[in-house]
Amino acid sequence: MIVVTGATGNVGRHVVDELVAAGAEVRALTRDPESARLPEGVQVARTADLPLDGADAVFLNPAVVWGTGAGELLRKAEQAGVRRIVTLSSSAAAEPGPGNVIGNHHHELETEIEASGLVWTHVRPGAFASNALQWAGQLSKGDVVHGPYAQAHTAPIHEADIAAVAARALLSEDYAGQAPVLSGPQSLTFAEQVTIIGEALGRPLRYEEIPPEAAREAMTGGGVPADIADTLLRLFAGAVGRPAEISPETERITGRPGRTFAQWVSDHSAAFS
């Protein structure tokens with residue numbers, strides 16, 4: 001039995017599919033079980049209840065414990081005899097420190113899990129390809145995306161590839177004690193990503209750079225906490241003109257190359273229509 005938290009989220013839903021395809025017994029935790037629409041045979045339960053009885057392993061989406069820490073989940077895991085936990089972490093956790101709110105949070109969570117005595121694997125993706133969904137609202141109104149640092153590079157990773165790595169770590173102890181950093185197969189600027197979206201939609205899209213102060217105002221006005229907005233803008237500024245490092249870990253663990261950003265756009269084109 002493998003428990004998947006955040007089972008209807010961007011990554012968790014793909015983790016469920018990977019585990020079902022492998023023949024695993026899955027219990028999917030979600031805030032609203034009635035609307036989950038998960039594969040037949042998957043047990044569905046409410047996240048707030050944290051039912052871990054009978055589980056061998058847990059996939060932990062940090063959003064589930066973001067404000068409280070993992071203490072309660074880890075206590076329940078110990079009581080239930082859970083042996084293994086796979087954390088959806090962040091590549092930013094590799095460099096915690098002042099001004100790195102995202103990295104510090106994930107590093108603290110990793111440290112808490114490592115102290116629990118469970119067999120652990122931390123999956124550390126960099127930029128999610130799904131971050132591009134933040135542009136969908138602008139593209140519904142026109143052909144221009146306004147944002148900061150047009151020439152900032154990331155290597156966006158398809159959430160299905162993150163899930164494929166996580167599933168292998170859940171099904172085997174081959175990756176115990178490891179924290180693989182994951183990336184997509186290409187380094188792309190924000191401007192290049194918008195161009196790729198336009199090619200898929202058959203529209204001449206462009207990315208128009210705005211000052212970081214204006215971007216910060218838009219981010220915080222849209223609900224992004226100020227400290228996270230500041231961390232992201234600092235990371236973007238440091239990535240201008242600097243191609244992102246491409247990690248070999250996705251292919252090493254899954255045995256196949258990672259999906260391209262263009263493939264991600266093809267899989268999600270309806271979101272931009």
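**Helix 1, the sheet and some residues worth a look**

In this predicted model, helix 1 covers residues 12-21, and its buried residues are Gly12, Val15, Val16 and Leu19. Here, buried means under 20% relative accessible area, exposed means over 50%, and partly exposed is in between (1.4 Å probe, protein chains only). Looking down the axis of helix 1, these buried residues fall within an arc of 100°, so they line one face of the helix. That arc is taken from the directions running from the helix axis to the C-beta atoms. There is a handy rule behind such patterns: an α-helix has 3.6 residues a turn, so residues three or four places apart point the same way. Helices (H or I, at least four residues) and strands (E, at least two) are DSSP runs, numbered from the N terminus.

A word on the ground rules: residues are numbered from 1 along each chain as its sequence is written, and side-chain values use heavy atoms, with hydrogens and water left out. Because the model is predicted, local features need pLDDT of at least 70 and side-chain atom pairs count only at pLDDT 80 or more, while totals for chains, interfaces and linings use all residues.

What do the buried residues of helix 1 pack against? Their partners are strand 1 (2-4), strand 2 (26-30), strand 4 (57-60) and helix 5 (159-171), where contact means heavy atoms within 4.5 Å. Just after helix 1 comes Gly23, with a positive phi of about 85°.

Next, the sheet. It is open, has seven strands in the order 3-2-1-4-5-6-9, and its pairing is parallel; two strands pair if DSSP finds at least two bridges between them. Strand 3 (43-46) and strand 9 (181-182) are the edge strands, each pairing on one side only. Helix 1 packs on the sheet by touching strand 1, strand 2 and strand 4, and its direction makes about 160° with that of strand 1. Helix 5, in turn, lies across strand 1, strand 4, strand 5, strand 6 and strand 9, running at about 165° to strand 5. Axes are lines fitted to C-alpha atoms, for helices over the stretch in contact, and angles run from 0 to 180 degrees between N-to-C directions. Within the sheet, strand 5 (residues 84-88) and strand 6 (residues 119-125) run parallel and are joined by five bridges. Across this pair, Val86 stands opposite Thr121 in strand 6.

How do the axes of helix 1 and helix 5 cross? They come within 8 Å and cross at roughly 50°. The two helices are therefore oblique to each other: angles under 35 degrees count as roughly parallel, over 145 as roughly antiparallel, 65 to 115 as roughly perpendicular and the rest as oblique. On the helix 1 side, His14, Val15, Glu18 and Leu19 make the contact, and the helix 5 residues include Ala160, Ala163 and Leu170.

Finally, some single residues. Glu110, found in helix 3 (residues 101-114), counts as buried at 2% relative accessibility. Leaving out residues up to four places away in sequence, Glu110 touches Ser89, Ala93, His122 and Arg124.

Most residues other than glycine have a negative phi. Arg37, however, has a positive phi near 50°; this residue sits in the loop between strand 2 and strand 3 and is exposed at 75% relative accessibility. Leu50 also has a positive phi, of about 45°, and lies in the loop between strand 3 and strand 4, but Leu50 is buried at 10% relative accessibility.
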